[in-house]
Amino acid sequence: MRILVAVPVFHRYPQALESILALRNGGEPVDFLLMADDDPNDPTTVEGAYANITAKYNRARLACLSGGYDALLLAEDDMILPADTLPGLLGCEAGVAYGLTCWRHGRPGWSPRLALDDRGGVVNLSDYPNMARDSWGKVITVAGVGTFCTLIRREVLASIPFRLSGALPVCCDWWLAVDAERAGITQKANLGVVCGHISPGEPPRVIWPDVKEKRLWRMELLA
């Protein structure tokens with residue numbers, strides 16, 4: 001199975017890029033597409049940033065489809081990915097497969113959403129701590145969402161482009177999840193593919209999901 005790993009380069013954290021470029025899938029081919037310094041919109045505005053990232057992901061989508069790849073892994077350059085990311089997500093046997101991380105805006109809740117809709121309604125796994133702990137290390141069915149560490153099968157890419165909508169002030173990952181659910185495409189998260197999320201600051205820190213912590217996450221200095 002041929003995999004294309006696409007990385008929008010913005011933060012340029014060496015630790016994140018090193019973890020991404022070290023990804024392997026046994027002896028199967030893995031190619032990398034790094035996209036940088038190609039933003040047509042103002043990245044300092046939310047609208048411009050969302051438009052830029054959507055354009056990048058659609059460029060990666062077309063590269064995956066035209067290049068004959070079987071799947072596309074989207075990886076953001078503020079994420080520290082484990083070495084077994086690719087086999088872990090491929091093993092989900094889902095149209096869209098997500099790793100596990102914490103959001104770094106607001107309270108660092110876990111990334112898996114149990115439900116979401118086109119009106120902004122959402123149910124978060126980490127809002128149910130006992131369920132979250134019971135799910136640790138397992139593959140579970142989810143409703144999304146995120147492109148931080150997300151594997152999308154070719155057949156999904158062929159039918160669903162990345163898009164934005166004026167209906168909600170959210171990025172294209174939300175609409176990917178909504179469109180996939182509408183199309184009856186299976187979405188799963190492997191809660192054993194645990195990814196660190198780098199939070200900028202002086203010094204930068206990494207937020208990790210962690211069931212040993214009462215709050216379900218821990219923070220450490222970026223090494």
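# Reading strands, turns and surfaces in a predicted model

User: To begin with one pair of residues, which residue in β10 is the bridge partner of Ile-140?

Analyst: In β10, Ile-140 has Ala-189 as its bridge partner, and please keep in mind throughout that this is a predicted model. As a general idea, the strands of a sheet pair through backbone hydrogen bonds, in either a parallel or an antiparallel sense. Here the strands β8 and β10 run antiparallel and are joined by 3 bridges.

User: How many bridges does β10 share with strand β5, and is that pairing parallel or antiparallel?

Analyst: Strand β5, which covers residues 96-100, pairs with β10 in the parallel sense, and this pairing extends over 4 bridges. Two places show how the strands face each other: Val-96 stands opposite Gln-187 in β10, while Ala-97 has Lys-188 of β10 as its bridge partner.

User: Is β10 largely enclosed or open, and how many of its residues are buried?

Analyst: The idea is to count residues with under 20% relative accessible area, which is what buried means here. In strand β10, residues 187-194, 6 of the 8 residues are buried, so the strand is largely enclosed by the rest of the structure.

User: In what order do the strands of this sheet follow one another?

Analyst: The sheet is an open one of 7 strands, arranged in the order β2-β1-β3-β9-β5-β10-β8, and its pairing is mixed. Its edge strands are β2 and β8, each of which pairs on one side only. On average, neighbouring strands of this sheet are turned by 20° against each other, with direction ignored.

User: What is the strand order in the sheet of 4 strands, and what kind of pairing does it have?

Analyst: That sheet, also open, has the order β4-β11-β12-β13, and its pairing is antiparallel. At its edges stand β4 (79-80) and β13, and each has a single partner strand, so one side of each is left without a neighbour in the sheet. Looking at one edge, β4 pairs with β11 in the antiparallel sense over 2 bridges, and the bridge partner of Ile-80 in β11 is Gly-196.

User: Turning to the backbone itself, which residues does the cis peptide bond with omega of about 15° join, and which residues does the one with omega of about 0° join?

Analyst: Most peptide bonds are trans, and most residues other than glycine have a negative phi. In this structure a cis peptide bond joins Gly-144 and Val-145, with omega of about 15°, and Val-145 has its place in the loop between β8 (139-141) and β9 (149-153). Another cis peptide bond, with omega of about 0°, joins Glu-202 and Pro-203, and Pro-203 sits in the loop between β11 (196-199) and β12 (205-209).

User: What is the phi of Asp-37, and what is the phi of Leu-216?

Analyst: Asp-37 is not a glycine, although it has a positive phi of about 55°; Leu-216 is not a glycine either, and its phi is positive at about 80°. Asp-37 is found in the loop between β2 (30-35) and α2 (46-66), whereas Leu-216 lies in the loop between β12 and β13 (217-221).

User: Is Asp-37 buried or exposed, and is Leu-216 buried or exposed?

Analyst: Asp-37 counts as exposed because its relative accessibility is 71%, while Leu-216, with a relative accessible area of 3%, is buried.

User: Which residues does Asn-25 contact when its neighbours within four places in sequence are left aside?

Analyst: With those neighbours left aside, Asn-25 is in contact with Met-1, Ile-3, Val-30, Leu-86, Pro-87 and Leu-90. Asn-25 itself is found in the loop between α1 (14-21) and β2, and it counts as buried because its relative accessibility is 10%.

User: Where is Asp-173 found, and which residues does it contact under the rule that leaves aside neighbours within four places in sequence?

Analyst: Asp-173 is found in helix α6, residues 172-182, and at 15% relative accessibility it counts as buried. Leaving aside its neighbours within four places in sequence, Asp-173 is in contact with Val-145, Gly-146 and Thr-147; Val-145 is one of the residues joined by a cis peptide bond. The C-alpha atoms of Asp-173 and Phe-148 are separated by 9.4 Å, with the two residues 25 residues apart along the chain.

User: Which residues form a nonpolar patch on the surface?

Analyst: Val-123, Tyr-128 and Met-131 form such a patch, with about 250 Å² of accessible area together. Met-131 lies in helix α4, residues 129-135, and it counts as partly exposed because its relative accessibility is 40%.

Definitions and conventions
Residues are numbered from 1 along each chain as its sequence is written. This is a predicted model: local features need pLDDT of at least 70, side-chain atom pairs count only at pLDDT 80 or more; totals for chains, interfaces and linings use all residues. Side-chain values use heavy atoms; hydrogens and water are left out. Patches are made of residues with over 30% relative accessible area and no salt bridge: like charges are joined within 9 Å, nonpolar side chains (Val, Leu, Ile, Met, Phe, Trp, Tyr) within 5 Å. Accessible areas come from the Shrake-Rupley method with a 1.4 Å probe; for residues, only the protein chains shown count as cover. A salt bridge is a side-chain nitrogen of Lys or Arg within 4 Å of a carboxyl oxygen of Asp or Glu. Buried means under 20% relative accessible area, exposed over 50%, partly exposed in between (1.4 Å probe, protein chains only). Two strands pair if DSSP finds at least two bridges between them. Contact means heavy atoms within 4.5 Å. Axes are lines fitted to C-alpha atoms, for helices over the stretch in contact, and angles run from 0 to 180 degrees between N-to-C directions.
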